[in-house]
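Got the model open in your viewer? Let's take a walk through it, one selection at a time.

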Amino acid sequence: MTKAIIISQLKYTGQLEDSLLLRAVRRINRFIQPDVVIIFTDGQRQPADCLQEIIKKIKCPVVINTVGNEDVDHIDIGNCRFISALDESRIRQLSDCSARVILYRGDSCSLQDKFVKDCGCSLVISGRGRSGYKRMTQEYGELILAPDFNIKPFAFLELDIDSGESARITAHHLSVPAELELFDYHVHSHFAYCNENMNLQNAMRLAEMFNLKGLAFTEHNRHLYYDKSQLRLPVVERREVYRVDDYLSELAKYRSDKVLAGLELDFDFSGSPTMRRDDIAKFDIVLGSVHALPRLSFEDIAVCSSNFKGIWLNAVASPVNVMAHPLRVFWKGSSGGTRLSPDDYQWLAGLLKEHDIAAEMNFHSNSPDPDFFRICLENGVRISLGTDSHNLADIGDFYPHLEMLDKLTGLKDLDRILYKHPPK
């Protein structure tokens, strides 16, 4: 079995195509892990430099096909030989090839059926589709027209190709179905020192492109109190640089029921909020988060669990709507991959339910345990969807969230299980 990704009509016009491509590449690398990626450009030129830099991040062989300038003769991947064009000399070259032959071209109109049939090719992939892909039966076998990557729903194809069988096709859409009315409750801004390219206007534009109902900008509270250079100093040595009002002022022009002014609120080891309560009250939504535990905690899982519970027993007294990346602290950073027990999951789900706090499903630097969310759902805890976006490419990218929810409950009951703000 050979797994191929097809991205068609790639181009750059300054309309956030770099964010679209990076979004696709991150999904390809993390979740699909193909054997080869084939990219059709929209003309005779190579992709723009900014797109080339993103293409370099792909963790498998990549073939870039430009119309009328197929510079790669062929590439062998698994049980397939991918070739970019056919003529009589190439047919002779392929006469002894025992691998299944796949032809790809950027221009379906120039396909020469005789050459295709003579070389034994049974599958032709063309980059001339529009918003959806087409699959057609031809004399030689199958013709697949890949969708235009730049047209909503911003699709690319995943092909599983087996010898002697029809290719299995999965269409990946970068936008989410509009009818789901999904809200991204965890998006950072340019006020975050750890942001990569965040911009309020572009974030909202992408939210619309990806069919989101809305989003919440939820900034790190410490980043609104201190200069970046101060964050690693002991608290008593920090000099406050107050940016709360600046942050809220920039959000004010967009603030609505579809654009929330939010906060990601840290707690100290005693469970006390690291922001003054009068400042917390200025925000529409508050995500509570624990980014660290006492370093010695991780020498003993029982101590680790006890410290975590102690923090949250006090933290729930703060006005928290959502628990951000609930258990990430246990397997990120100094934790060494510690996992809590099902009993701990039950305890935490019970605490969240008691205080009407939603559990955030978050895949940013994180691999959430589906067992925890299953227990949350069994206890009636709402699930909040958050991308924890630090890069525009991540906004509303709920592919892994929906995959997990589909396995847990199916997607027909999202209205009942998902968090909505303000809670009813």
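Before we start picking strands: two strands count as paired here if DSSP finds at least two bridges between them. Also keep in mind that this is a predicted model.

Now select strand E12, residues 183-187. Is E12 mostly covered or not? It's mostly covered, with five of its five residues buried. Add strand E13, residues 214-220: three bridges join E13 to E12, and the two run parallel. For one of these contacts, click on Asp-184, whose bridge partner in E13 is Leu-215. Next, show helix H5, residues 200-209, and you'll have a right-handed β-α-β unit made of E12, H5 and E13.

Time to widen the view. Colour E12, E13, E14, E15, E16, E17 and E18, in that order, and you've got an open sheet of seven strands with parallel pairing. E12 and E18 (383-385) sit at the edges with a single partner strand each, so one side of each has no neighbour in the sheet. While you're at that end, pick helix H10, residues 370-378: H10 lies across E17 (358-361) and E18, and runs at about 150 degrees to E17.

Next stop, the nonpolar cores. The largest one has 96 residues, and Phe-217 and Phe-308 touch the most other members. Helix H1, residues 17-32, gives the most to this core, with seven residues. Zoom in on Phe-308 and look for the residues it touches, including Leu-293, Met-323, Phe-330 and Leu-348.

Last pick: a second, separate core of 19 residues, where you'll find Val-36, Ile-38, Leu-123 and Leu-159 among the members.

Definitions and conventions
Residues numbered from 1 in each chain as written. Predicted model: local features only at pLDDT ≥ 70, side-chain atom pairs only at ≥ 80, totals over all residues. Heavy atoms only, no water. Core = buried A, V, L, I, M, F, W, Y, C linked by side-chain atoms within 4.5 Å. Buried < 20%, exposed > 50% of the residue type's maximum accessible area, 1.4 Å probe, protein only. Helix = DSSP H or I, 4+ residues; strand = E, 2+ residues; numbered from the N terminus. Contact = heavy atoms within 4.5 Å. Right-handed = clockwise from strand over helix to strand, strands pointing away. Axes fitted to C-alpha atoms, helices over the stretch in contact; angles between N-to-C directions. Lists of a residue's contacts leave out its neighbours within four places in sequence.
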